[in-house]
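Here are some notes to go with the model, written as if we were looking at the screen together. Have the structure open and follow along point by point.

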Amino acid sequence: MMATAGRVLGEDQDVRADLATNGCRERPAFVGPIGGAVFACLHLPDKPARGAVVLCSSIAAEWKFNYRREVLLARRLAELGVAAARLHYLGTGHSDDGEITFGAMVDDVERVRDWACGQADVEHVVYFGSRLGALVAAAAGRATGSPLACWNAPTTGAAYFREVFQILRVGRLAGSGTVDDMPAAQDLLRSGQPLDVLGYTLGPALYLSASTLSFADELGSPPRRVNLIEIGDARQAQQAAGYAASLRDQGFDVAASSVDDGRSWWLDGADAPRADEHREAVVTLVEETAIWLAAAGGGDALHGG
Amino acid sequence: MRFMAAKTRAQADDEHFVYIPAGADHLFGVLTEPVGKPSGLDVLLLSGGMYTLSTNRNRMFVDLARDLAGHGHRVLRFDYHGVGESTGVIGPYALSDPNPADVAGAVECLPGEGRNDLVLVGCCYGGGAAMHTLADDPRVRSMVLMAPPLGDEGRGNIGDSCEIGALFLKHAETLRARNIPTLFVYGAEDSYYHDFDRVRHTRLEALFSDDSSLAVQVLPGELHGLSWVRSQELFARTTLDWISQLH
């Protein structure tokens, strides 16, 4: 099943043991060749999986902010009878070094998808993506037209980075009180320099490869089932609903909903939350997303529910 | 982001996953095996609070672990309970009770074969956790503590009161009495450094005297929170330099 030649650590003995939680199992692995291995974690149900979900995270502070809720989502999917695979893109998290580009992120997802399908013995895959990961998930499932659920999908790569740059200015203003000496982010990246976004490195290769993309294009040909879930306030939910309507006009099968909760992905401490497990909005978000994905992925939404 | 040109540097192939029992929970950890000749040092990396993962910000701890392993050290990083891949639900990150069961479990997880000396590297809350749990542990050879708060309550700021937390003081005195080489690293613009500077020549004078095993290094800018890539690089290089002179 592996797309890449070389030793596949995840199929070796590098994992000491699966972790058992609520009857399900969690199997971390490094997937891919030596020096280019992607960290992945596969959540397996307590009985043969009826399908699989591949979760495509965002990057940087968004990756950290959403990390626990994506773990909770994967655990819930396993309880619902569906295998769930998460990963760290090359050059991020526990994975090996690698230049981060949009194409490389999609390649990593496809590699982990193939590994997960082999481990779980399933063929049917649906996707989940959060923020920039929504574009990745859309691209990874385009060839098969696979269903896709997203949290805060950006309409375009350019809009996504515009928001990141705005947050960068806010963060630096809050920290040092001035942004006068801050070079224009786009100019820096276009000149091939990395950008320090509040302690996270944004490389020019990712910016240049993703800033020209649009979510609709990455979805491919309609009709494709998409569930757009917007986390934020009423104004943001309204904007998202408008975008969902435009996708419907293009022929996509779009469900849309919103969850009223903070979205301070980048500014640590600004939204000092309780643990995700104790936040009603997060519990609802995870549950509703899991049920939709499990139904789309072939799982039994009532099993373990 | 590599912090120095290790001749050989570890990669994923040199790492094992571990699930560490800690109370009712299992902590996810990544153990990086030494590359080349083992140094005899184990290094435990302790992330800060606010749900910080074992990778730390911008995966600073992944790069640091792989560089340290390139110098022959065995390195463990882990997610606190309720964080990242671990099970459980984490509490309010109380400085008076900084998850000692997690830290103790992680130490026990380090391979027992030819038990090595132990170096703790902790960031902020993680620094407090290292002091709280292991200041009097005979296995500890050294500590590197990034921006540890001096207070024991809330976020650990002491402000104008200059009242150092009793726990902080007790653990620092233990490290001093045991002659454990301990490096306190602050950023010049950290609020915790301002706290430290207020009491450096009064309440902490004896602890940081010239003949003390406790030392302080102040790096430019803001270190706490690691919200600058440059700060991460400076801290990692400082840590590598400190550990390299231990053996």
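**Notes on chains A and B**

1. H1(A) and H9(A) meet in a right-handed crossing. Bear in mind as you look that this is a predicted model. H9 of chain A covers residues 280-296, and its axis is 9 Å from that of H1(A), with an angle of about 45 degrees between them. What does that make the two helices, in terms of orientation? They are oblique to each other, because an angle has to be under 35 degrees to count as roughly parallel and at least 65 to count as roughly perpendicular.

2. Stay with this pair and pick out the side chains. From H1(A), the contact uses A:Arg69, A:Leu72, A:Leu73, A:Arg76 and A:Leu77. Across from them, H9(A) brings A:Val282, A:Leu285, A:Val286, A:Glu287, A:Thr289, A:Ala290, A:Leu293 and A:Ala294. Sort the residues of this contact by class and you get 9 nonpolar, 1 polar and 3 charged.

3. Now move along chain A to H2 (residues 102-120) and H3 (residues 132-140). Their axes are 9 Å apart and the packing angle is about 60 degrees, so H2(A) and H3(A) are oblique to each other as well. The crossing of H2(A) and H3(A) is right-handed. On the H2(A) side, look for A:Met105, A:Val106, A:Val109, A:Glu110 and A:Arg113; on the H3(A) side, look for A:Val136, A:Ala139 and A:Ala140. The split here is 6 nonpolar and 2 charged, with no polar residues.

4. Just ahead of H3 there's a residue worth a click. A:Arg131 sits in the loop between strand S6 (125-130) and H3 of chain A. Its phi is near 50 degrees, a positive value in a residue that isn't glycine. Why flag that? Because most residues other than glycine have a negative phi.

5. Another backbone detail is further along chain A. Which kind of peptide bond joins A:Pro222 and A:Pro223? A cis one, with omega about 0 degrees. Most peptide bonds are trans. To find the spot, go to the loop between helix H7 (215-219) and strand S10 (225-232) of chain A, where A:Pro223 is located.

6. Zoom out and chain A is divided into two domains. Domain 1 is written in two pieces, 16-155 and 222-296, while domain 2 runs over 157-212. Their C-alpha centres lie 24 Å apart. Where they touch, domain 1 of chain A gives 13 residues and domain 2 of chain A gives 14. You've already met the helices involved: H1, H2 and H3 of chain A each supply at least two residues of the domain 1 side. That side has 9 nonpolar, 3 polar and 1 charged residue.

7. Next, how do the chains meet? The contact takes 33 residues from chain A and 32 from chain B. On the chain A side, the elements giving two or more residues are strand S1 (19-21), strand S2 (24-31), helix H1 (60-79) and strand S9 (200-202). H1(A) gives the largest share, 4 residues. By class, the chain A side has 14 nonpolar, 11 polar and 8 charged residues.

8. Over to chain B. How many helices and strands does chain B have? There are 6 helices and 8 strands, and along the sequence they follow the pattern β-β-β-α-β-α-β-α-β-α-β-α-β-α. The C-alpha atoms of chain B fill a box of roughly 50 × 40 × 35 Å along the principal axes. A compact globule of 247 residues would have a radius of gyration near 18 Å, and the 17 Å of chain B agrees with that.

9. One last helix pair, this time in chain B: H1 (residues 60-70) and H6 (residues 229-244). They pack at an angle of about 25 degrees, with their axes 11 Å apart, and that makes H1(B) roughly parallel to H6(B). The crossing of H1(B) and H6(B) is right-handed. B:Met60, B:Asp63, B:Leu64, B:Asp67 and B:Leu68 in H1(B) meet B:Gln232, B:Ala236, B:Thr239, B:Leu240 and B:Ile243 in H6(B). By class, this contact has 6 nonpolar, 2 polar and 2 charged residues.

Methods: Residues are numbered from 1 along each chain as its sequence is written. Chains are lettered from A and ligands numbered from 1 in the order in which they are written. This is a predicted model: local features need pLDDT of at least 70, side-chain atom pairs count only at pLDDT 80 or more; totals for chains, interfaces and linings use all residues. Two residues are in contact if their C-beta atoms, placed from the backbone, lie within 7 Å. Ala, Val, Leu, Ile, Met, Phe, Trp, Tyr, Cys and Pro count as nonpolar, Asp, Glu, Lys and Arg as charged, and the others, Gly among them, as polar. Axes are lines fitted to C-alpha atoms, for helices over the stretch in contact, and angles run from 0 to 180 degrees between N-to-C directions. Angles under 35 degrees count as roughly parallel, over 145 as roughly antiparallel, 65 to 115 as roughly perpendicular and the rest as oblique. A crossing is left-handed if the near helix is turned anticlockwise from the far one by less than a right angle, and right-handed if clockwise. Domain bounds come from an automatic or database domain assignment. The radius of gyration is taken over C-alpha atoms; the globule rule is 2.2 Å times the number of residues to the power 0.38.
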